[in-house]
Amino acid sequence: MEVLLYIIFIIAGLAIGSFLNVIIYRLPRKSSIIIPSSFCPSCKSRIKFYDNIPILSYLILKGRCRQCKAKISLRYPAVEIIAAILFALNFYFFGISLSCLAGIFLSIALIIVSFIDIEMKLIPNVIVLPFTLIGLSISISSDLERWWIPIAYSAGAFLFMFIINLIYPKGMGMGDVKLSMMAGAFLSEKIIPGLFIGFLAGSLIGILLIILKRKKFRQSIAFGPFISFGCIAALFYGDKIINWYLAFI
């Protein structure tokens, strides 16, 4: 039964990941995510259902459009695989629970935001603001007696990042500020190690890119994926990180 549930979560992750690719491509271009159906970005030809099977179609077509032979971005299978892995991990860590549902919603939002930010240097309000409300709703309903805690951490994450934005606006955009608010709505106290890990990962990658001369000093990078990475790590290991830190106090 457990194996079957893993299979269900993985298949659901692949299927939803395929739809997330549609959102990632169309949302920043202000196109409908429903109409028209999937099409090749290069030749605009409609993609048949048998060419739109997650992962499998990409492999069969050898990463090229059936019609125009243009290369299909690696983002498409990457998003599907990441979504499947995160769906399975949420089930592994939380089982069938509200925490699992919250983790899946958070994972979906972070995938969308990360890949749009990488491509467009943009974090859409239409994603982070509704998902903030979803996160607060789930977090509050899971512990009604302490309803104020997710609100406090969400607001605290917003304020902390907003201050950083005021101090160094070139390094931290308002999109990152609102993304942190959204993550705080889902993670509550785990947003603290989440942001710490995100800052650490962003700093290390930034230094590496400067050393490799891929970026210049003070040149901005998309920070949303690093916040997302930190928040995913905190989602699964935040409690252990906090307990490990408190043991030293």
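This tour moves through a predicted model one selection at a time, saying what is there at each stop.

Residues are numbered from 1 along each chain as its sequence is written, and side-chain values use heavy atoms, with hydrogens and water left out. Because the model is predicted, local features need pLDDT of at least 70 and side-chain atom pairs count only at pLDDT 80 or more, whereas totals for chains, interfaces and linings use all residues.

**Helix α6**

Begin by selecting residues 148-167, which make up helix α6; helices here are DSSP runs of H or I with at least four residues, numbered from the N terminus. The 20 residues of α6 reach 29 Å from first C-alpha to last, close to the 28 Å expected at 1.5 Å a residue, where the expected span is 1.5 Å times one less than the number of residues.

Next, colour Ile149, Pro150, Ser154, Ala157, Met161 and Asn165, the buried residues of α6; buried means under 20% relative accessible area, exposed over 50%, and partly exposed in between, with a 1.4 Å probe and protein chains only. These buried residues lie on the same side of α6 because they cover an arc of only 145° around the axis, the arc being that of the directions from the helix axis to the C-beta atoms. Leu166 and Ile167, on the other side of α6, are exposed. To see what covers the buried residues, show helices including α5 (125-142), α7 (174-187), α8 (191-211) and α9 (224-246).

**Ile227 in α9**

Now select Ile227, which lies in helix α9 and counts as buried at 1% relative accessibility. Not counting residues up to four places away in sequence, Ile227 touches Met161, Asp176, Leu179, Ser180, Leu195 and Gly198, a contact meaning heavy atoms within 4.5 Å. Met161 is also among the buried residues of α6. A C-alpha distance drawn from Ile227 to Ile191, 36 residues apart along the chain, should read 9.9 Å.

**Ser114 in α4**

Move to Ser114, in helix α4 (residues 98-120), which counts as buried at 9% relative accessibility. A polar atom of the Ser114 side chain lies 2.7 Å from the backbone oxygen of Leu110, and a polar contact of 2.9 Å joins the side chains of Ser114 and Ser228. Such a contact is a pair of N or O atoms within 3.5 Å; within protein, one must be able to donate a hydrogen and the other to accept it, and residues adjacent in sequence count only if both atoms are side-chain atoms. Leaving aside neighbours within four places in sequence, Ser114 is in contact with Gly224, Pro225 and Ser228.

**Aromatic rings**

Display the aromatic side chains, among which the structure holds 15 pairs; rings of Phe, Tyr and Trp (its six-membered ring) pair if their centres lie within 6.5 Å, with planes under 30 degrees apart counted as stacked, over 60 as edge-to-face and the rest as tilted. Tyr92 and Phe93 form an edge-to-face pair, 5.1 Å centre to centre with 90° between the planes. Tyr92 is exposed, with a relative accessible area of 55%, while Phe93 counts as partly exposed at 28%. Phe223 and Phe226 form a tilted pair, 6.0 Å centre to centre with 45° between the planes, and both residues are buried. Finally, select Tyr92, Phe93, Phe94, Phe236 and Tyr237 together, since they form one aromatic cluster.

Definitions and conventions: Helix = DSSP H or I, 4+ residues; strand = E, 2+ residues; numbered from the N terminus.
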